[in-house]
Amino acid sequence: MNEEPRVLELRGVMDKAEGWGRGQGREVYQRLLKAVEDTPGVLIFRVSMRGVSRLDISFSSETIIELARRFRGRKGFCLIDLTDRDLIENLDAAAEKKEQPILVWHGKSADLIGASPTEGTREAFGFAMGRSECRAAEFAQTRGLSIANASSKFKQLWEQGFLLRREVAAESGGIEYVYQRIG
């Protein structure tokens with residue numbers, strides 16, 4: 001597996017700098033899907049918004065948000081090069097409607113749009129966001145929780161698309177999951 005994130009230039013698969021409607025969104029979705037399927041070893045895709053001037057909610061829903069929802073748990077998608085508040089609002093509304101979390105990265109920090117973690121998983125999500133990868137046992141130890149409780153929180157975050165995970169051999173000889181932020 002290629003651990004290095006790949007940048008997808010949204011503007012590079014759009015016919016013009018504005019994205020409007022479901023029809024245009026579905027066309028661009030097919031181009032994005034091909035780019036993802038042509039790089040099977042890549043786990044994280046950073047979708048660059050550079051050069052995109054406007055997007056409506058329908059277009060956003062049919063492209064980036066649908067792609068993230070389709071690959072939830074297997075691949076991660078986040079946004080970069082995005083500072084326009086109107087674009088962020090429309091992407092947020094589309095992501096929230098599909099209950100899909102999306103991180104918008106600004107250098108080394110990120111804002112979450114779309115779905116939010118539940119109150120019970122919010123602290124675990126914050127812990128995971130503070131490092132490139134983590135294990136439930138690390139979180140359990142720092143918070144005084146059982147490993148089962150911490151594992152349950154991280155599994156929920158993975159299932160809902162907030163984090164990625166992979167299996168590794170545990171020191172005990174069994175299987176352990178390593179959780180990774182999307183970015």
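In these exercises, Lys and Arg count as positive and Asp and Glu as negative, while His and the chain ends are not counted. The structure is a predicted model. Have it open as you work through the exercises.

## Exercise 1: Charges

Find how many positive and negative side chains the chain has, and how far apart the centres of the two sets lie.

**Solution.**
- Step 1. Count the charged side chains: there are 28 positive and 27 negative ones.
- Step 2. Take the centre of each set; the two centres lie 2 Å apart.

## Exercise 2: The chain as a whole

Describe the secondary structure of the chain, then compare its radius of gyration with that of a compact globule.

**Solution.**
- Step 1. Start with the secondary structure: the chain has six helices and 10 strands.
- Step 2. Put a box around the C-alpha atoms along the principal axes, and you get roughly 55 × 35 × 25 Å.
- Step 3. For 183 residues, a compact globule would have a radius of gyration near 16 Å; the chain has 17 Å, so the two agree.
- Step 4. Now turn to contacts between residues at least 6 apart in sequence: 67% of them join residues at least 24 apart.
- Step 5. Finish with the surface. Buried residues account for 46% of the 183 residues. The chain exposes about 9300 Å², and carbon and sulfur atoms supply 46% of that area.

## Exercise 3: Two residues to classify

Decide whether Ser61 and Cys78 are buried or exposed, and list what each one touches outside its neighbours up to four places away in sequence.

**Solution.**
- Step 1. Recall the cut-off: a residue is buried when its relative accessible area is under 20%.
- Step 2. Locate Ser61 in helix α2, which covers residues 57-70. Its relative accessible area is 5%, so Ser61 is buried.
- Step 3. Look around Ser61: beyond its sequence neighbours, Ser61 touches Arg22, Glu66, Ala94 and Lys98.
- Step 4. Move on to Cys78 in strand β5. Cys78 has 0% relative accessibility and therefore counts as buried.
- Step 5. List the contacts of Cys78, again without its sequence neighbours: Phe45, Arg46, Val47, Ile102, Leu103, Trp105, Ile182 and Gly183.
- Step 6. Try a distance too. Cys78 and Ile65 are 13 residues apart along the chain, and their C-alpha atoms are separated by 9.7 Å.

## Exercise 4: Aromatic rings

Find how many aromatic pairs the structure has, and work out how the rings of Phe127 and Phe139 are arranged.

**Solution.**
- Step 1. A search of the whole structure gives seven aromatic pairs.
- Step 2. In the pair Phe127 and Phe139, the ring centres are 5.2 Å apart and the planes meet at 55°. Planes under 30 degrees apart count as stacked, over 60 as edge-to-face and the rest as tilted. With planes at 55°, this pair is therefore tilted.
- Step 3. See where the partners sit: Phe127 belongs to helix α4 (residues 122-129) and Phe139 to helix α5 (residues 136-143), 12 residues apart. Both Phe127 and Phe139 are buried.
- Step 4. Use the reasoning again for Tyr177 and Tyr179: their ring centres are 6.4 Å apart and their planes are at 55°, so this pair is tilted.
- Step 5. Check the accessibility of each tyrosine. Tyr177, at 30%, is partly exposed, whereas Tyr179, at 3%, is buried.
- Step 6. Put the picture together: Phe127, Phe139, Phe154, Tyr177 and Tyr179 form one aromatic cluster.

## Exercise 5: Three loop residues

State where Asp81, Glu99 and Gly174 lie, and classify the accessibility of each.

**Solution.**
- Step 1. Asp81 lies in the loop between β5 (76-80) and α3 (85-97). Although Asp81 is not a glycine, its phi is positive, at about 55°.
- Step 2. Glu99 lies in the loop between α3 and β6 (101-106). Glu99 is a residue other than glycine with a positive phi, near 55°.
- Step 3. Gly174 lies in the loop between β9 (163-169) and β10 (175-181). Apart from its neighbours within four places in sequence, Gly174 is in contact with Val168 and Ala169.
- Step 4. Exposed means over 50% relative accessible area, and partly exposed lies between 20% and that value. Asp81, at 32%, is therefore partly exposed. Glu99, at 59%, counts as exposed. Gly174, at 34%, counts as partly exposed.
- Step 5. For a last distance, take Gly174 and Thr39: these residues are 135 residues apart along the chain, and their C-alpha atoms are separated by 30 Å.

Methods
Residues are numbered from 1 along each chain as its sequence is written. This is a predicted model: local features need pLDDT of at least 70, side-chain atom pairs count only at pLDDT 80 or more; totals for chains, interfaces and linings use all residues. Side-chain values use heavy atoms; hydrogens and water are left out. Helices (H or I, at least four residues) and strands (E, at least two) are DSSP runs, numbered from the N terminus. The radius of gyration is taken over C-alpha atoms; the globule rule is 2.2 Å times the number of residues to the power 0.38. Buried means under 20% relative accessible area, exposed over 50%, partly exposed in between (1.4 Å probe, protein chains only). Contact means heavy atoms within 4.5 Å. Accessible areas come from the Shrake-Rupley method with a 1.4 Å probe; for residues, only the protein chains shown count as cover. The place of a charge is taken as NZ of Lys, CZ of Arg, CG of Asp or CD of Glu. Rings of Phe, Tyr and Trp (its six-membered ring) pair if their centres lie within 6.5 Å; planes under 30 degrees apart count as stacked, over 60 as edge-to-face and the rest as tilted.
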